[in-house]
Amino acid sequence: MAKPFFPRLQGNSRGCLTFEPFFLIPFSMFSTYATLYMYELGLTEVNIGWITTIGLIVQVFSSLLSGYLTDRLGRKRAILYFDLLSWSLATLLWAFSQNLWFFVAAAVINGFQRVPHIAFYCLIVEDTRPADRTYVFTLLQIIGVIGGLFAPLGGLLVHQYGMVQGMRIMYVLAFLFMTFQFVGRHLTTRETEAGIRKRQEIRELSLRESLVEYGGAFRDLGAERNLLLIFGVYILFNFQATLKSTYLYLYLADYIHLDSGILSLFPAVSSVIMLLTLWLLMPRIPDQSANRSMMAGFGLSALSNAMLVLYPSASFIWIGLSTILAAVGLMISSPYLEAAVQNAIDDDKRAKVFSMLSVLILVFTAPAGIIGGWAYKLDPRIPLWLVTAAFAASYLLLHLYRRRTVHQHASN
């Protein structure tokens, strides 16, 4: 009998990761040009910032309900229903957008993505051994990296059909691929033991009682300093990701005057570098050095962004070097950060604690769109300076977290 790929993967993690490329490949194609697509259809930088913020405000609301809905519906049904709403329907709206209001409607619908986001993490983590979770998140990162290799296909479509028509084609393809993924994953996974248990428990509570219980999760977050520190790192990581994904490619095309047709090459270069990092560097990083690896990754990421604002050159070599540093930094930090956050949460409390963490993330990242839009109008370099500052602050918080962890282990 043939040996399966990734033999350490079992059950839900195998089913989830098998279908993940059908989401990440089309996402990597259209995400590079999403801001430029809006810009081409007549939206201003401030309009784009407001749309980003509206989407994040809806995500705050959906995050407040996500833990309850994930426990009430079960992980599988929550992820299926709300992925079809927040992604399948949203991609169709983006595909046929004509003006600002289409994008506002799509942002509101896409804002419900927090429900399947919480459900996905519960589904992929709960029946996976803690020792295997870094492995799972590393594979998830690899799939995202491989998806990035397909970003140049988006560039070819833009080159062949123009920005607007090319993006419309990408969004229709995203609708088809993503919907296939959602259905396929649903058919190849099962409800987790924690999910079955929480569904039975929550049936005995009213909505009000459940929401009061979930509100108490904020007290759980404040009860332990180490938990707050690692969550603080995670919040800053998400803040910079929102800001960078919204304004980096606009900065390269509008301020540095890089040809928009070749922008998609940089995600592909980043993907190749991340795969090489995974192959050559990560096997040399021992498990006990996870925190040091994250700190090194944050340092490289801060440097990569600072390069683009200190010397805003259209040189392929300079932008390529920045891209390489960012790719290595992301690869040696992100999987360890995801695993550290998930291992800090008990399975029985995962849905509600992670949903409250998502609320905190969104409270801090919701202003990112407006701040970035206003900052970009003042000076296009400011958003990237804010990204650099977020990585620097993450480095300091992780340093404190590492010192406290070492001290606690020494005391025990």
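These legends go with a set of close-up views of one predicted model.

**View 1. The whole chain is a helical protein.** Here we have 21 helices and 0 strands, taken as DSSP runs (H or I, at least four residues, for helices; E, at least two, for strands) and numbered from the N terminus. Of the 412 residues, 56% count as buried, that is, under 20% relative accessible area, with exposed meaning over 50% and partly exposed in between (1.4 Å probe, protein chains only). Contacts, meaning heavy atoms within 4.5 Å, reach far along the chain: among those between residues at least 6 apart in sequence, 86% join residues at least 24 apart. Mean pLDDT, the predictor's confidence in each residue on a scale from 0 to 100, is 84, and 89% of residues reach 70 or more. Residues 1–5 stay under 50, and the model gives them 2 contacts beyond four places in sequence. Residues are numbered from 1 along each chain as its sequence is written. Local features need pLDDT of at least 70 and side-chain atom pairs count only at pLDDT 80 or more, while totals for chains, interfaces and linings use all residues; side-chain values use heavy atoms, leaving out hydrogens and water.

**View 2. Helix H10 sits under cover from other helices.** H10 takes in residues 163–188, and its end C-alpha atoms are 37 Å apart, which agrees with the 38 Å that its 26 residues should span; the expected span is 1.5 Å times one less than the number of residues. Its buried residues include Met163, Gly166, Tyr171, Phe182 and Arg185. Among the elements covering them are H1 (11–19), H5 (75–95), H7 (114–125) and H9 (151–161).

**View 3. Arginine 185 of H10 is tucked away from the surface.** With 3% relative accessibility, arginine 185 counts as buried. Leaving out residues up to four places away in sequence, arginine 185 touches Gly15, Cys16, Phe19, Glu20, Ile79, Asp83 and Phe120. Leucine 80 is 105 residues away along the chain, yet the two C-alpha atoms are separated by 8.6 Å.

**View 4. Arg75 joins two acids in one salt-bridge network.** A salt bridge here is a side-chain nitrogen of Lys or Arg within 4 Å of a carboxyl oxygen of Asp or Glu, and the whole structure has 4 of them. Arginine 75 pairs with aspartate 71, with 2.6 Å between the closest N and O atoms, and with glutamate 126 at 2.7 Å, N to O. The second pair links distant parts of the chain: arginine 75 lies in H5, and glutamate 126 is 51 residues away in the loop between H7 and H8 (133–148). Aspartate 71 and arginine 75 are both buried, and glutamate 126 is buried too.

**View 5. Aspartate 379 and arginine 381 form another salt bridge.** Their closest N and O atoms are 2.8 Å apart. Aspartate 379 counts as buried because its relative accessibility is 19%, whereas arginine 381, at 29%, is partly exposed.

**View 6. Asparagine 291 in H16 meets residues from much later in the sequence.** Asparagine 291 belongs to H16 (residues 290–310) and is buried, at a relative accessible area of 18%. Beyond its neighbours within four places in sequence, asparagine 291 is in contact with Leu398, Tyr401 and Arg402.
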